[in-house]
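Subject: Structure handover

Hello,

Here is the structure I promised you. Please open it alongside this note; my findings follow below.

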Amino acid sequence: MTAADLEDEGAERLTAADREHLEASIRASVESRARGKHPFAALVVDGTGAVVAAFGNNSLPPDGDPTQHAELRAVAAAARTLTPGELARSTLYTSAEPCVMCSGAVYWSGISRVVYALSERRLLELTGDHPENPTFALPCRSVFAHGQRRIVVVGPELEEEAAVAHEGFWS
């Protein structure tokens, strides 16, 4: 199955609540950049619509930890707060498509839904071969397709809005 097939399979559309949370993650990515960090942000929303975790990226050298992507930080915080059943009803909203590492964290946490703005493909166009962001050409849908449970993926959505935080950052 190709990445395009995965994108079309069971495709869901952005709801009004999804848009609100995704816009919040994009605003937070701009704030992350303004604080001198990489321009990424993510939040986890539980099944009731409450934000239970929200983080920016903390992987910028020399002080950052390369494993502290915004998605991983948000998923880890949610996993410490929510029960497995609550995680299964939660959604990760992120300003950029989860990388392989972050997709693994989503999978292992039990979160059942991901909504993202900027695709890995578009991110690569913006970052080029910048050493601080060696982008994988591996969509999160492809990672999730190899697991034993289904994770619903919505995205890319609001891609141009999300790209603004990256413009000029990686050059």
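Start at Ala-117, which sits in strand β4. Bear in mind throughout that this is a predicted model. Ala-117 counts as buried, at 0% relative accessibility. Its contacts, leaving out residues up to four places away in sequence, include Leu-22, Ile-26, Thr-94, Ser-95 and Ala-96. Pro-156, Glu-157, Leu-158, Glu-159 and Ala-162 are also among the residues that Ala-117 touches. Take Ile-26 as an example. Ala-117 and Ile-26 are 91 residues apart along the chain, yet their C-alpha atoms are separated by 7.8 Å.

The loop between β5 and α8

Two of those contacts deserve a closer look. Pro-156 lies in the loop between β5 (152-154) and α8. Leu-158 is found in the loop between β5 and α8 as well.

Which peptide bond is cis? The one from Gly-155 to Pro-156, with omega near 0°. Pro-156 is partly exposed, with a relative accessible area of 28%. That value is not under 20%, so Pro-156 does not count as buried. Pro-156 touches Tyr-116, Ala-117 and Ser-119, again setting aside residues up to four places away in sequence. Val-51 is 105 residues from Pro-156 along the chain, and 21 Å separates their C-alpha atoms.

Leu-158 has a phi near 55°. That is a positive value in a residue other than glycine, so check it by eye when you go through the loop. Leu-158 is buried, with a relative accessible area of 10%.

Strands β3 and β4

Now turn to strand β3, residues 91-96. Is β3 enclosed or open? Six of its six residues are buried, so β3 is largely enclosed by the rest of the structure.

β3 has strand partners. Strand β1 (residues 41-45) pairs with β3 in the antiparallel sense, over four bridges. Within that pairing, Leu-43 has Tyr-93 of β3 as its bridge partner. β3 and β4 run parallel and are joined by five bridges. Here Leu-92 has Val-114 of β4 as its bridge partner. Together, β3, helix α5 (residues 100-109) and β4 make a right-handed β-α-β unit.

Helix α6

Helix α6 covers residues 120-127. Which of its residues are buried? Glu-120, Arg-122, Leu-123 and Thr-127. They cover an arc of only 160° around the axis, which puts them on the same side of α6. The face turned away from that buried side carries the exposed residues Arg-121 and Glu-125. What do the buried residues of α6 pack against? Their neighbours are β4 (113-118) and α8 (159-163). Just after α6 comes Gly-128, with a positive phi of about 60°.

The largest pocket

How much space lies in the largest pocket? About 340 Å³. The pocket is lined by 21 residues. Nearest its centre are His-69, Cys-99, Glu-132, Asn-133 and Pro-134. Helices α5 and α6 each supply at least two residues of the lining.

To go over it again in brief: look at buried Ala-117, then the cis bond before Pro-156, then the positive phi of Leu-158. After that, follow β3 through α5 to β4, and finish at the largest pocket.

Best wishes

Key: Residues numbered from 1 in each chain as written. Predicted model: local features only at pLDDT ≥ 70, side-chain atom pairs only at ≥ 80, totals over all residues. Heavy atoms only, no water. Buried < 20%, exposed > 50% of the residue type's maximum accessible area, 1.4 Å probe, protein only. Arc of directions from axis to C-beta. Contact = heavy atoms within 4.5 Å. Pairing = 2+ DSSP bridges. Right-handed = clockwise from strand over helix to strand, strands pointing away. 1 Å grid on protein atoms, 1.4 Å probe; cavity = no way out; pocket = protein on both sides within 12 Å on 5 of 7 lines; lining within 4 Å. Points joined across faces, edges and corners; volume = space filled by probe spheres on them.
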